[in-house]
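Grab a pencil and work through these short exercises with the structure open beside you. Try each task before you read its solution.

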Amino acid sequence: GTDCDDTDPAVHPGVEEVCNGIDDNCDGSIDEGIGDTYYADMDGDGFGDPATATFACAQPDGFVLDGTDCDDTDPAVHPGVEEVCNGIDDNCDGAIDEGYASAGPGMLMDEDRDGFGGSEPAEGDCLLDGSFTSVRGDCDDFYASVHPGAADEPGDGVDADCGGSDAPEPHVGLGTGSVATLADALAMAQDGATVWVGPGTYLESGLRFAGRSIALMSTQMAENTTIDGGGAGPIFTFDGAETADAVLDGFTLTNGSAAFGGAVFVSGSDPTIAHCALIDNFATDAGGAIYLADSESVITNTVMSGNSTGELGMGGAVYMDNSSARIFYSLLDNNSAYDGGALYLYYSDAEVRNSRIVENYAANKGGGAYFEYSAPTVANNVIAWNLSEMNGGGLFFVSKQPNIRHCLVLGNHSNNKGGAMHLYYSSPTIAHCVVVGNTASVDVGGVNLYGTSTKPVIYNTVLAYNDQYNLFASTSGGTPLPNVTYTDLYNPEGTPNHNLVDIDPSNFEVEPAFFAYDESGMPADFHLALGSPLVDAGLSTYLDVDGSLADLGIFGGVNGGKWDLDADTFTDYFWPGAITDAPAGFDPADFDQDDLDPAVH
């Protein structure tokens, strides 16, 4: 009783199975050992689509036995091929672009895979894993035996440790060949050497370059390399006539404490300070973070925050005496002093460019900065949300003629007069600035003028929405009328605007029409909107980046195209609104639309 089809004498147990779509030998399987499952191979790459499974006794045309193709329309996609970076799963393993990664800002190519990046920036989404790194210092990225901290055999013609010579140079924190301390490394280094420092926290102070052109550089930058002064004097002292070739690059300096220059004391020297963070340092007298005397130092790409001075101290972050130092691409925030919450210049014609001076505090004058007998150039800066107990919430000037250009002076406050600026016997040039939203407890939230020699030159500027006067020439100090031309002075009805008796006809008293306003009605984007009455309304001797007559405000004039606060080399000049509104030849890809994020440009 084992016949599975008693109507067909060819079907019963024991017969040979043949390929006919039935169970000939009654064992429960059909065509076992004879047919197979085949898959359609539409792209001809030898791998079929698993959704097209077909059982057949012989291989049909256009079908294959392998059904593992994940895209049967592309012959370049199938198991076993090399994965390439293209946003698809080339080898059908379920992963897309495995073996590739995206490089963030500041990453460097590491061609020799030794863990140290060379000079080429790593940019893009399709870089091989391990081919880039945030660690810097490789001076020859084609040889894995060459990098900071490597053994350097003298006389072989190779600078294996990237120290600057064909001989061993001291390094710190980079392996068994490193010296124990920064002080030891600096003492051993020859003139012209680069001393590389690995990540970690170093408890040291009193460090000196002793007049030599040494570059002290970290491999993993300030975020990972800290020098803690332990409150025992300045962390670094430069008083040996060091030149700009004496370089301090890539460190966090904290807990420095001294009378002058809590973290760095400079006298008669011109060191370069770059990519550093000077945090929570203290000076009793001047320069909570840095003190500069008779110096032409350059400070660039550096953060100074939380630094302070003693009760009557000056310059919470930086104090300059008879110096022409330059500060670029830096952030001075949350510092405090008696005078000059962030910055104090004394007989110093310095430069401050493309930097931010924000949220600093002065117990007396100059919440952001105090300029005494100094004529600095202050250009393309944001000076915002600073506070002083007396005059000059943002800036305080005593004598001489500073040059203030393309600056946004925003939201500063004085508990007395001059929320934005207080000019005391000083006649600066204020050009292409926007002074907005500043306040004062007594009067003059904007720019307050006092003194018989106070006669600033103001042009192509916007002073608007400042509490209790945008511009006020004190009537008690014999202050003359300032030279104001091609400037917009505007306050909403009910708020005093200015006290100028004879205002030049080139000036405006209109709502500026900025590109954007916040919910309270205050300006939030300081580009001028299309159709603003201040577009092409500036002094005729100046032109904008696009070649038209200069606009009023911070983006007007040629230097209005030099804003680059995040130092990504893309400037923050762009034409707001529809691109069809832009001047002829304008390409938005050439400009930055987020100037505080180096990853956006």
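**Exercise 1.** Where is the place of Gly173? Then decide how exposed Gly173 is.

Solution. Keep in mind that you're looking at a predicted model. Step one: find β7 (132-133) and α1 (182-188); Gly173 sits in the loop between them. Step two: its relative accessibility is 41%. Buried means under 20% and exposed means over 50%, so Gly173 counts as partly exposed. Step three: leaving out residues up to four places away in sequence, Gly173 touches Ser178, Gly198 and Tyr202.

**Exercise 2.** Work out which parts of the chain the disulfide of Cys139 and Cys162 ties together.

Solution. Start with the bond: the two sulfurs, in Cys139 and Cys162, are 2.1 Å apart. Next, the angle about the S-S bond is -85°, a left-handed link. Now place the ends: Cys139 and Cys162 both lie in the loop between β7 and α1, so the pair ties together parts 23 residues apart in sequence. Finally, check the surroundings: Cys139 is partly exposed at 44% relative accessibility, whereas Cys162 is buried at 6%.

**Exercise 3.** Why does Cys407 not bond to Cys433?

Solution. First, recall the cut-off: a disulfide needs sulfur atoms within 2.5 Å. Second, look at the distance: the closest cysteine sulfur to that of Cys407 is in Cys433, 4.9 Å away, so it's too far for a bond. Third, check accessibility: at 0%, Cys407 counts as buried.

**Exercise 4.** How many disulfides does the structure hold?

Solution. The count is five. Number the bonded cysteines along the chain, and the pattern reads 1-3, 2-4, 5-7, 6-8, 9-10.

Methods: Residues are numbered from 1 along each chain as its sequence is written. This is a predicted model: local features need pLDDT of at least 70, side-chain atom pairs count only at pLDDT 80 or more; totals for chains, interfaces and linings use all residues. Side-chain values use heavy atoms; hydrogens and water are left out. Helices (H or I, at least four residues) and strands (E, at least two) are DSSP runs, numbered from the N terminus. Buried means under 20% relative accessible area, exposed over 50%, partly exposed in between (1.4 Å probe, protein chains only). Contact means heavy atoms within 4.5 Å.
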